[in-house]
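User: I would like to go through this structure by question and answer. Please keep each reply short and end on the item asked for.

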Amino acid sequence: ILILGIESSCDETAASVVKNGRIILSNVISSQIELHTLYGGVVPEIASRKHIERINQVIKQALSDANVTLDDIDAIGVTYGPGLVGALLVGVSEAKAIAYAKHLPLIGVHHIEGHVSANYIEYPELEPPFMCEIISGGHTHLVIVKDYGEFEILGRTRDDAAGEAFDKVARAIGLGYPGGPKIDKLSEEGNPDAIAFPRAKVEGAPYDFSFSGLKSAVLNYLNQCKMKDEPVNRADVAASFQKAVTDVLVDTAIRGARDFHVDKLAIAGGVASNRHLRAAMKEACQRETITFYHPSPIFCTDNAAMIGVAAYYEYQKGTRSDLDLNAVPNLKLGER
Ligand code: ATP
Ligand code: MG
Ligand code: FE
């Protein structure tokens with residue numbers, strides 16, 4: 001079975017050909033990061049326009065890299081939410097046009113189900129059930145993946161997503177967009193124990209997250225330095241912030257795995273590519289004899305391979321979308 005995966009929910013235009021659910025024949029990603037860096041964040045109108053300009057070429061490239069044509073494809077999988085509505089619509093319209101013209105089954109894929117499915121690519125032995133911590137630009141969830149595309153949500157963020165916190169702190173210390181990779185890099189030169197930032201817990205909800213207090217603590221620290229006319233060591237701020245986020249993410253995931261007697265833990269989403277987090281999670285899992293799964297960085301951030309993988313398992317379950325499939329910008333996890 002060959003699936004053409006298409007992703008355009010934010011600022012990556014991506015297409016991929018996936019064979020039998022887990023073999024990636026091609027993975028083309030056209031990122032708009034440089035374009036949006038100018039504005040310090042993703043500008044929705046610009047994102048939509050660029051998706052339109054690039055999507056045909058990206059799909060062509062994905063097919064040619066995989067050495068196939070549209071006639072070899074068995075089904076089309078496309079992200080239909082959540083994301084920016086104008087950006088999503090480009091992928092959805094394109095997928096519908098191809099499905100109609102080629103009489104192919106169409107499968108609308110949940111973007112976050114895609115992120116989770118990225119773990120299947122490099123671990124052929126990984127099968128549900130397992131625990132997954134989803135840590136992306138817009139989501140922070142601790143879930144049990146009960147079956148392919150079936151999630152039991154144990155906890156979620158009460159305010160900012162993990163990636164959002166990285167991006168906001170990066171902006172505050174003048175690193176620009178996107179903040180995650182820049183904080184990851186700068187932290188190498190900083191002392192993670194230099195500044196005592198808070199590790200927030202949510203009363204009575206052991207698997208929920210809250211990052212807005214941490215963000216405020218960083219902003220307060222920067223303001224205090226300014227008032228006292230003290231120089232800010234940005235690398236120390238970055239490293240201390242990164243450690244605070246990591247401590248919370250690792251503690252919560254490990255507590256969840258212990259409480260629910262799960263011995264397989266995966267991470268997913270852009271923040272899962274953070275090097276400090278990966279190392280800390282790996283160490284904690286070893287200590288607890290939990291098997292740790294983490295996609296390569298290229299499969300952590302937005303890509304279409306993960307969409308093709310998720311689409312394959314939906315295809316096997318018989319999920320089909322009609323040609324009136326629409327973009328759903330605020331689609332929740334577990335909804336269709
Ligand atoms: P969502 O998937 O929730 O809809 P998104 O698609 O915008 O949001 P992703 O592509 O999963 O998010 O990830 C982007 C986020 O990951 C950004 O917030 C970015 O700063 C963060 N990120 C990327 N690389 C790293 C890194 N090395 N360390 C920390 N954060 C990172
Ligand atoms: Mg992106
Ligand atoms: Fe994403």
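User: Which residue with a positive phi follows H2, and what is the value?

Analyst: In this predicted model, the residue in question sits in the loop between H2 and strand E4 (75–81). The residue is not a glycine, yet its phi is positive. Helix H2 is followed by Asn67, with phi near 65°.

User: Is Asn67 buried or exposed?

Analyst: A residue counts as exposed if 12 or fewer other C-beta atoms lie within 10 Å of its own. Asn67 has 10 such atoms, so its class is exposed.

User: Where does H2 bend, and by how much?

Analyst: Helix H2 covers residues 44–65, 22 residues in total. Its first and last C-alpha atoms are 29 Å apart, close to the 32 Å expected at 1.5 Å a residue. The bend is located at Arg54 and amounts to about 45°.

User: Against which elements do the buried residues of H2 pack?

Analyst: The buried residues of H2 include Ala47, Lys50, His51, Arg54 and Ile55. Further along the helix, Val58, Ile59, Ala62 and Leu63 are also buried. Their packing partners are strand E1 (2–7), strand E2 (12–19), strand E3 (23–31), helix H1 (33–37) and helix H3 (85–102).

User: Lys50 lies in helix H2. Which residues is Lys50 in contact with, leaving aside neighbours within four places in sequence?

Analyst: The threshold for a buried residue is 20 or more other C-beta atoms within 10 Å. Lys50 has 21, so this lysine is buried. Leaving aside neighbours within four places in sequence, the contacts of Lys50 are Thr13, Gln32 and Leu35.

User: How far apart in space are Lys50 and Asp147?

Analyst: In sequence, 97 residues separate Lys50 from Asp147. From C-alpha to C-alpha, the distance in space is 36 Å.

User: Which helix gives the largest share of the shell around ligand 1?

Analyst: The shell around ligand 1 holds 24 residues, and the closest are Gly137, Gly138, Gly163, Gly180 and Gly270. Three helices each supply at least two residues of this shell: H4 (111–122), H5 (162–172) and H6 (179–187). The largest share is 4 residues, and its source is H6.

User: How many residues of the shell around ligand 1 are nonpolar, polar and charged?

Analyst: Gly is counted among the polar residues here, and the closest residues to ligand 1 are Gly137, Gly138, Gly163, Gly180 and Gly270. By class, the shell has 6 nonpolar, 15 polar and 3 charged residues.

User: Which residues does the UniProt annotation "binding site" cover?

Analyst: The annotation comes from an unreviewed UniProt entry. Two of the residues closest to ligand 1, Gly137 and Gly180, are among those covered. The full set is Ile134, Ile135, Ser136, Gly137, Gly138, Asp167, Gly180, Asp184 and Asn274.

User: Why does Gly137 count as buried?

Analyst: Gly137 is in the loop between strand E6 (130–135) and strand E7 (140–147). Not counting residues up to four places away in sequence, Gly137 touches Ala161, Gly163, Glu164 and Gly270. A buried residue needs 20 or more other C-beta atoms within 10 Å. Gly137 meets this because its count of C-beta neighbours inside 10 Å is 22.

User: Which residues is Gly180 in contact with, leaving aside neighbours within four places in sequence?

Analyst: Gly180 belongs to helix H6. With 27 other C-beta atoms within 10 Å, Gly180 is buried. Leaving aside neighbours within four places in sequence, the contacts of Gly180 are Gly163, Phe166, Asp167, Gly270, Val271 and Asn274.

User: What is omega for the peptide bond from Tyr177 to Pro178?

Analyst: Pro178 is placed in the loop between H5 and H6. The bond from Tyr177 to Pro178 is cis, and its omega is near -10°.

User: What is omega for the bond that joins Pro128 and Pro129?

Analyst: Pro129 is found in the loop between H4 and E6. The peptide bond joining Pro128 and Pro129 is cis, with omega of about 5°.

User: How far apart are the end C-alpha atoms of helix H8?

Analyst: Helix H8 runs over residues 234–259 and has 26 residues. At 1.5 Å a residue the expected span is 38 Å. The end C-alpha atoms agree with this, at a distance of 37 Å.

How values were computed. Residues are numbered from 1 along each chain as its sequence is written. Chains are lettered from A and ligands numbered from 1 in the order in which they are written. This is a predicted model: local features need pLDDT of at least 70, side-chain atom pairs count only at pLDDT 80 or more; totals for chains, interfaces and linings use all residues. A residue is near a molecule or strand if its C-beta atom, placed from the backbone, lies within 6 Å of it. The expected span of a helix is 1.5 Å times one less than its number of residues. The bend at a residue is the angle between axes fitted to the seven residues ending there and the seven starting there. Two residues are in contact if their C-beta atoms, placed from the backbone, lie within 7 Å. UniProt positions are given in the numbering used here, feature names are shortened, and annotations may be inferred rather than shown by experiment.
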